[in-house]
Amino acid sequence: MMDGLFITFEGMEGAGKTTLARWLSDHLQAEGMRTWFTYEPWEPRLRSILLEHSNLQSTEELLLFVADRAIHTRYIRERLAEGTIVVCDRYADSTLIYQGYGRGIDIEWVRALNRFATGDLCPRRTYLLDVPVEIGLSRQRELNRIGAEEIAFHERVRQGFLQEAEREPQRFMVLDATRDLQELQSVIWADVHTHLR
Ligand code: TMP
C-alpha cells in the first residue's frame, strides 16, 4: 500500500493545467506537506523526440509516450511510498486521449499498454480542465508538434476527455477552464482536502 496521494491534471493545450498543477503543489507545500510537481512527457530526451521530431508515426509516438511513462512511474511510485503528494501535469489519460481518440489508435489497446507501463498505478484524483478548442489554442503561445494539429484533432481530444471523465466520475473532476483562476483554485483546494487524511 502507498501512503502518498497521486493527483493529475489533464486537458488540452492552453487549458491552464500547468499553472494550476504548479500552484497546487506549491500551496500544499506551504501548508507543510511534502509534494512533488512533475509532468509528462518526462524524460528530457524522450520529451524532445516526442514534441519536436517531425517525422514520427502514430505507432512510434504511442510507444515512446508509453515508454516514457514506464520510466516516470518508477519515480512516482518511490515518492508515493515515501508519503509524498505527487501532482502530475498529464499522465496515462493523455495517451488514451491523444493517441487513442486523437490519432485513432484502438482505445482498448492503448488502455492495455497504459496498464502494462504503469503496473496499474492510477491517480486518486484527476482534474480535467475543459476549454473550447479555439480558446485553448488561442491561449497557447507556442504550439508543440502535437498542439499544432488540425482543429478536428483537438475536437476529438476534447470530446475524448469528456467521455473518459463520464466513464470514471469518481476519479475525474471536470472544471470549466474559462472560469477565473481564483475560482478554479478555490474549488480545487476544497476538493483536495477531502482526499487528504
Ligand atoms: P503540454 O503538456 O505542454 O500540453 O505538452 C505535451 C504535449 O504532448 C501535448 O500536445 C499533449 C501531448 N501528449 C500526448 O499526445 N500523449 C501523452 O501521453 C502525453 C503525456 C502528452
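Which residues does threonine 84 touch, not counting residues up to four places away in sequence? This note takes up that question first, then moves to the sheet, the helices and the empty space. The model is predicted.

1. **Threonine 84.** The contacts of threonine 84 are Gly4, Leu5, Arg34, Thr35, Trp36 and Arg79, with residues up to four places away in sequence left out. Threonine 84 sits in the loop between α3 (58-81) and β3 (85-89). Is threonine 84 buried or exposed? Its relative accessibility is 2%, so threonine 84 counts as buried; the cut-off for that class is under 20%. Glutamate 149 lies 65 residues away along the chain, and its C-alpha atom is separated from that of threonine 84 by 36 Å.

2. **The sheet.** In what order do the strands of the open sheet run? There are five of them, ordered β2-β3-β1-β4-β5, and the pairing is parallel. The edges are taken by β2 (35-39) and β5 (172-176). Each has a single partner strand, so one side of each lacks a neighbour in the sheet. From one strand to the next, the twist averages 20 degrees.

3. **The β2 edge.** An edge place in the sheet does not settle burial, so β2 deserves a check against the accessibility values: four of its five residues are buried, and β2 is therefore largely enclosed by the rest of the structure. β2 pairs with β3 over five bridges, in the parallel sense. Two of the bridge partners can be named. Tryptophan 36 is matched with valine 86 in β3. Tyrosine 39 is matched with aspartate 89, also in β3.

4. **Valine 87.** This residue belongs to strand β3. With 0% relative accessibility, valine 87 counts as buried. Which residues is valine 87 in contact with, leaving aside neighbours within four places in sequence? They are Ile7, Phe9, Ala21, Leu24, Ser25, Trp36, Phe37 and Thr38. Trp36 is also on the contact list of threonine 84. The C-alpha atom of alanine 70, 17 residues from valine 87 along the chain, is separated from that of valine 87 by 17 Å.

5. **Helix α1.** Which strands does helix α1 lie across? Helix α1 spans residues 17-30 and lies across β1 (5-11), β2, β3 and β4. Relative to β2, helix α1 runs at about 165 degrees.

6. **Glutamine 99.** Helix α4 holds glutamine 99. At 2% relative accessibility, glutamine 99 counts as buried. Setting aside residues up to four places away in sequence, glutamine 99 touches Glu61, Leu62, Phe65, Ser94, Gly104 and Ile105.

7. **Largest pocket.** What volume does the largest pocket have? About 840 Å³ of space lies in it. The lining has 31 residues, and the closest to the centre are Lys17, Thr18, Arg47, Gln140 and Asn144. Elements giving two or more residues to this lining are α1, β2, α2 (44-52), α3 and α4 (92-102). By class, the lining of the largest pocket has 11 nonpolar, nine polar and 11 charged residues.

8. **Second largest pocket.** The volume here is about 280 Å³. Of the 16 lining residues, Ala92, Asn114, Cys122, Glu168 and Arg171 lie nearest the centre. At least two residues of the lining come from each of α4, α5 (107-118) and α7. Which element supplies the largest share of this lining? That is α5, with four residues. The class count for the second largest pocket is six nonpolar, two polar and eight charged.

9. **Enclosed space.** How many cavities of 30 Å³ or more are there? The count is one. About 50 Å³ of space lies in the largest cavity. Its lining is made by Gly11, Met12, Leu128, Leu129, Asp130, Val131, Arg158, Phe161 and Leu162. β4 (125-130) and α7 (151-167) are the elements giving two or more residues to that lining. Six of the lining residues are nonpolar, one is polar and two are charged.

Notes
Residues are numbered from 1 along each chain as its sequence is written. This is a predicted model: local features need pLDDT of at least 70, side-chain atom pairs count only at pLDDT 80 or more; totals for chains, interfaces and linings use all residues. Side-chain values use heavy atoms; hydrogens and water are left out. Buried means under 20% relative accessible area, exposed over 50%, partly exposed in between (1.4 Å probe, protein chains only). Contact means heavy atoms within 4.5 Å. On a 1 Å grid over the protein atoms alone, a cavity is a set of points where a 1.4 Å probe fits but cannot get out, and a pocket is an open set with protein on both sides within 12 Å along at least five of seven lines; lining residues have an atom within 4 Å of a point. Grid points are joined across faces, edges and corners, and a volume is the space filled by probe spheres set on the points. Ala, Val, Leu, Ile, Met, Phe, Trp, Tyr, Cys and Pro count as nonpolar, Asp, Glu, Lys and Arg as charged, and the others, Gly among them, as polar. Two strands pair if DSSP finds at least two bridges between them. Axes are lines fitted to C-alpha atoms, for helices over the stretch in contact, and angles run from 0 to 180 degrees between N-to-C directions.
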